[in-house]
Structures are given as C-alpha cells and as structure tokens.
Number of protein chains: 2
Amino acid sequence: MLHVAEAARVSVATVSALINGTATVSPELSQRIEQAIRDIGYKRNAIARSLKMGTTRTIGLTVPHITNPFFTDVVSVIQQAFDRAGYAVMLCCTDEHLNTQDDQIRLLLDRMVDGLIVARVGDGAILKRIVDDANVPVVLLDRVCQGVDTDAVVLDNQRAVFDAITYLIDLGHRRIGYISGSFDISPMHDRMAGYREALQAAGLPAETELVRFGNFHEVDGYNATMQLLSLHDRPSAIFSANNPMVIGTMKAIRDIGLSCPEDISVACFDDFPWSDVFRPQLTTVAQPVQAIGEQAANLLLDRLAGNRDAPPRKLTLKGRLMIRNSCRPPGAIAQSVSA
Amino acid sequence: MLHVAEAARVSVATVSALINGTATVSPELSQRIEQAIRDIGYKRNAIARSLKMGTTRTIGLTVPHITNPFFTDVVSVIQQAFDRAGYAVMLCCTDEHLNTQDDQIRLLLDRMVDGLIVARVGDGAILKRIVDDANVPVVLLDRVCQGVDTDAVVLDNQRAVFDAITYLIDLGHRRIGYISGSFDISPMHDRMAGYREALQAAGLPAETELVRFGNFHEVDGYNATMQLLSLHDRPSAIFSANNPMVIGTMKAIRDIGLSCPEDISVACFDDFPWSDVFRPQLTTVAQPVQAIGEQAANLLLDRLAGNRDAPPRKLTLKGRLMIRNSCRPPGAIAQSVSA
DNA sequence: TGACATGATCGAAACGTTTAGATTAGCGTT
DNA sequence: AACGCTAATCTAAACGTTTCGATCATGTCA
C-alpha cells in the first residue's frame, strides 16, 4: 500500500479510504490511486488487516470424519453458505479422536478464527473450557454437550430411532439388534433412548445381549454384527446407529453366508446417495443435511453479524424414515433358529 | 505478550526468546515468565506472528466436489498429513465452477496461505496467471493444466481406462457406451484416449453415438445413460468416467426397466466403500487415494521446507481395475456369478 | 589491573494495515 | 476582512509479534 501511495503521490490513509470506501476521495486522486493499484498489481494484505481489525473473516469447522457422507454433505452446505458471505472455512477432521480435536480447536483459535462450528468428540469438559476461553461464537453441530451452553443444531435422534425401530416391530420383529456408537456423545445416547422407548412401547424386553457398541468405523460394525449373528438366539433385524458401521454390518452378513433382506433385515442411521440404486436398497433414517448445514451456518453468521448477547439457541430438526426394501417380516430361517 | 512481560518484569523480547527458544534465557527469568503465561492464560497471536514472519503455516486446498468420494478420501489424507506437519488447511469446494474457483484461490492467496493444492476446474489460462502471480508453491492434484508448469500428482488415466475397456471387450462386448465428464480437464481427455485406444487395439470402430458428455453430476449420468439406452442399437456395456455420474447411470437403467448385470454391464471410474457390499458389486477403476494424497502433501511440504528451485515434478500413479460382478458377457443371461 | 570475550537482557524498529484526530483549502456569511 | 463550516487529505499511533543491534554484568586472560 505504501508503494501505491507513493506512486499516486498521496498518503496511505487516502489509499485505504478509497479501497474501503470509508471516506470520500476526490475523483482526481481516485483515478491516480486506481491507476497505481493496477500498475503495481497491488493486493491488500489480509493478515495485516486482520491484525488491525481483530477479525479474520475465517471460521473454523471441525468434524469427526470427512468420509462419513453425512458430514460430507453438511460440510459442503456450510462451506457454500460461508462462501456466499465472504468467509473462508478452515476444515479439520478429528477422526473421532479427542486429543486431535482439542489440538485442532486450539490451532483454529490461535489463528483467530471469527467463529467455530464443532461436531464434537468425547467428553465435553475440555471443550467447555476451550469454548469459555475463546471469546468467539461457537455453534455445536449434530452433537450437543452438557454444560456447554451455546448455539446448537441437532436432530431429534430419539424420535427418529423410535420411528425406525417401531417400523421393524410393526413388521413383526421381536429380537432387534442395535449397534451403537460410543456413548460419550449425545446422539448415541438419544438414539439408544429411542430404541429402548420403542421396545418398551411394544412391550418387548430390553435385552442387553442385543446391544453392541462400536467406535463408528466400518470394522466396528463388522465385529458387532458378527457377535450379534453368533448369538444363540440371533436377532432377525439389525439397526446400526451410524452409516460407516452399516457397511461392516453388510459385510459381516455376507461373510457369514446370510443375505439381506431374505435372512435378516437391516436399517441404519444416515442416508447416502447410493441407497436408492443398489440392492438391497437400505431403509435409513435420513437427516435433513441441507437444513442442518444452513441452520448451523445461519446461527453462526447471525452471531458474527453482531448479535452476541442473545441467549443460546438450540434448533432441533426432524429425521425422516426412508423405507426401502432392506427390511421384511422375519422369515422362516430366523424363525426356525429361534424356535 | 506485553502483559506477560510486565507481569514477569522482563521485556517482550525476552518473552519472545523464551517462547521460541531463539535465545537462552536464565532459569530464573524463564520461571517468572512461564508463571506469568499461566497466570494470564496467554496465547500467542498467530496473526501478528504471520504478519511479521511472512508465513501463516496454512495451506489452501481446492477441490471440485467434496461429496465425490474420491476427493473426500484425498482431502482426508491431505488434511492428516498437514495436521502432522503443524499446518492448517483451508478447504474450498469449487463445485466445478470456474469463477468460484478463481475467486476462492484469490481469497486463499489474500489470506497469505503458504502453499496451494488445486484440483483445478476449467480452462487453465486464468489459473496460470494466478499461479504466476502468487509466489507460493502450487501442487496440482488429479488434473494438470497445460502451460502451468508446477508440481503435480496425477493418475495414468489413459492406461487405467484402457484396461477397463479392454476387460469389457474381452468379455465379448462390441458396443460400449462411454460417459465422459466435460472435456476441459486433463483426466477426461486422457480417459477418453484410453477408451479410443482400447477400441482401436481390438479393431472396433469408434462410434460417436456411443460417447456422451456430462458435467460430473448424477443427473448428467442419468441423462447420458437415457440417451445411450434409447439408441436404435444400444450398447451392451456402459463405462462412466466418474463416480457420481454412475449413480445416474444405475438409476436410468432401473427406471428404464433393465437390470445390471443381467441386461447391461456397467463399470466406472473411482472406487467407493460401498462397492463391495451392495449388488451389483460395481467393477471400478480404483485410484490409490492414500498415495495420491500423501504424494501431493509431500510435494508441497518439500517446497515449504525450502526446496523452492527444484524443477517441477510430475508424479504419475497407476489405477487398479477392481473386477467385481457388474459386468458379464453380453447376452449371457443368468450365468452363475463366479468372480 | 585493565582489556576483552561471553552470555543474558533489553530497546526499538519493522511487518502492512486502519483510523482518530490534525491540517489544509475553499467558500459563503456577516 | 475576519470568521466559521465543510470536505479532502494527511500524520501518526496503534494492532502483537520478531529480531537486530545495543547494553551491561561477569568472568578470563595477559
């Protein structure tokens, strides 16, 4: 900017005023300055500007897995929204790893992001401290966090799973395996609650042997399913509480020589683009990814626009059961085994 | 830092020296300073540091689509690599849109990223100018660009498609539909060349009616497939040059009342995690995503480590044909699945 | 004992902006 | 002619670091 000012024979203040439109600059000087800017190929240095202004027009976004299609879609929507608003997005994947998450959030805060959208991992205590320290607005995505009192966008997980399990029960299933993600994040709690609630509403017992836990990865789903299928009295249907794990479920079913939906019914959380075209077409709980991403972005943009003092807002969206053909009434095979 | 210095009764220079280890600080002062840092909860301001140092320890990464599993996986690997190296990653999705890409790269450069990894879109001329202007290292990913002479990681696309098409020919197919992405990016060129080469090697004619173009999206694959299937003499196999488009292909096949692989064989570029478990299990060309991501990261990290003047390096990796059961000899109805 | 190398510490300038407040010029009032 | 008002422009101080060169004890050697 100094060079531009010299070339145009004006002060840097005038150059700044012209660029930002913060003061009127005479046509004559404007022209000289614009010419100089072109000649020199000047670009404003956003770092220096950030230092002075105390804002970077950048937000941080952390998600557990970028390969999980749910997060992929949401990230995409969020990215577009902030793009439109002139913000850059720093993306971090925590890989469901607690330390990584903490480090990355600190990294983002060091870089003075103006705001944070966090699909958190693990225990909330550290997150709480970090969020309290940071004096930037934070929006929690998908996973809320006791004690962290801030804006959030979540799904009505309990209701969504209740609907799905009830659907299975209505088909005639009595023994329904349930594969949960690890329990330290809110959705897994709520989804499990939905499972239990549905069983109870139908007067079915909650048998612990039918519930397995995994760490969200395909391999966890595989192992969990293997255990469920080797039970003495094995379930006639399996519900997987997240998407990558259901792939493991399908692989386990295949490897054990069964097939879906003939021998066993399968449903899962999170829809994905392929569910429609391949067989079996999976029955899933679809999250409104577009809305989730947009709402999260809007919450943060609203705070960034200055609305700092409004009380925390928690938005709860509804999932939708996408009934396809991976579930059937329990068949002869399942019956005979259980008899 | 000023507050820390005051609290510890030292100068800011000493605080800086201690934090960065750039000079020896007596144990006594070290202790006072560390105490003050803890008391105050001081965090170094990375923006001010960047301004002074001229480096942000942040890189920019632009991809066309984050919902394409190929890019998702590569992004994930790159993100991890830079994470390990202490860099942050700014991710931008250009949505295959040229203007968006140019804007976003400018945005990234304004923010003084230390380097750039670009899976480019569209004509290279503007990109070339941007890259020349930016005096940061740039690595091209997946898509090279005539005239832009910089590091790159690409696939041997021609060979990969040659292998895939030859496989179809060996199965007995003579009319093989080919759905290409738009032609302004290098991989689509090379993949098409592989298609033509395979036909030629087998002495088959290159019929233009069998080749369709789309813009990488599912809907484009759908339309292209509809056209191919309504040909008077319709193809017995279809190869889709990218992954999202093949979903459209499968939907079109379903909607028109055919089934794969009984009535028509399908193969495509880019593997995805589901290909193994759902039917038909798609035969795909798998890219070595892990290697691609790592190599791209390494090329850039090497430049960032100071190796600026080495001549541009272009790494070409090999794809792998994953033969599953979405392709059969033409007209072979109800043959038992063996592969 | 004086000269001098050594090691620890500090003062101050610089990075490239923004902006409050000072300065100046032009012009209409009285 | 002196005055005040407005609009345009400039000066200079920040923002929070890093770093160069200066300063100042302290111990070593001739």
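**Entry 1: domains 2 and 3 of chain A**

I began inside chain A and counted contacts: 16 residues of domain 2 of chain A touch 17 residues of domain 3 of chain A. I note for the record that this is a predicted model.

I then checked the bounds. The domain assignment of chain A puts domain 1 at 2-44, domain 2 at 55-155 + 288-318, and domain 3 at 157-287 + 322-338. I took the C-alpha centres of domain 2 and domain 3 of chain A and found them 30 Å apart.

Next came the area. I got about 1400 Å² buried between domain 2 and domain 3 of chain A, with 54% of it from carbon and sulfur atoms. I looked for salt bridges between these two domains of chain A and the count was 0. Polar contacts gave 4 residue pairs across the interface of domain 2 and domain 3 of chain A, both residues at pLDDT 80 or more. On the domain 2 side, helix 5 (69-84) and helix 12 (289-304) of chain A each supply at least two residues. I sorted that side of domain 2 of chain A by class and got 8 nonpolar, 3 polar and 5 charged residues.

**Entry 2: chain A against chain B**

I moved on to the two chains. The contact takes in 50 residues of chain A and 49 residues of chain B. The area buried between chain A and chain B came to about 4400 Å², and carbon and sulfur atoms give 64% of that.

I ran the salt-bridge count for chain A and chain B and it returned 0. The polar-contact count for this chain pair was 15 residue pairs, both residues at pLDDT 80 or more.

I listed the elements on the chain A side. Helix 4, helix 5, strand 2 (88-93), helix 6 (98-110) and helix 11 (243-255) of chain A give two or more residues to the side that touches chain B. Helix 5 of chain A has the largest share there, 7 residues. By class, I found 25 nonpolar, 13 polar and 12 charged residues on the side of chain A that touches chain B.

**Entry 3: DNA strand C**

I turned to the DNA. I found 23 residues around DNA strand C, and the closest are Ser16(A), Arg49(A), Thr14(B), Thr24(B) and Ser26(B). Of the strand C atoms within 4 Å of the protein, 75% belong to sugar or phosphate and the rest to bases.

I looked up single contacts. Tyr42(A) has a polar side-chain atom 2.9 Å from a phosphate oxygen of strand C. Met1(A) uses a polar backbone atom, 3.3 Å from a phosphate oxygen of strand C. Lys52(B) reaches a base: one of its polar side-chain atoms lies 2.8 Å from a base nitrogen of strand C.

Helix 2 (12-20) and helix 4 (46-53) of chain A, with helix 2 (12-20) and helix 4 (46-53) of chain B, each give two or more residues to this surface. I saw the largest share, 4 residues, in helix 4 of chain A. The surface near strand C has 10 nonpolar, 7 polar and 6 charged residues.

**Entry 4: DNA strand D**

I repeated the search for DNA strand D. Of 22 residues around it, Thr14(A), Thr24(A), Ser26(A), Ser16(B) and Arg49(B) come nearest. Sugar or phosphate accounts for 73% of the strand D atoms within 4 Å of the protein.

I noted three phosphate contacts. Polar side-chain atoms of Thr14(A) and Thr24(A) lie 2.4 Å and 2.3 Å from a phosphate oxygen of strand D. For Arg49(B), a side-chain N or O atom is 2.7 Å from a phosphate oxygen of strand D.

Helix 4 of chain B gives the most to the surface near strand D, with 4 residues. I closed with the classes for strand D: 10 nonpolar, 7 polar and 5 charged.

Definitions and conventions. Residues numbered from 1 in each chain as written. Chains lettered and ligands numbered in written order. Predicted model: local features only at pLDDT ≥ 70, side-chain atom pairs only at ≥ 80, totals over all residues. Heavy atoms only, no water. Near = heavy atom within 4 Å. Polar contact = N/O pair within 3.5 Å; in protein donor to acceptor, adjacent residues only side chain to side chain. Nonpolar A, V, L, I, M, F, W, Y, C, P; charged D, E, K, R; others polar. Domains from an automatic or database assignment. Contact = heavy atoms within 4.5 Å. Buried area = accessible area lost by both parts, 1.4 Å probe. Salt bridge = Lys/Arg side-chain N within 4 Å of Asp/Glu carboxyl O.
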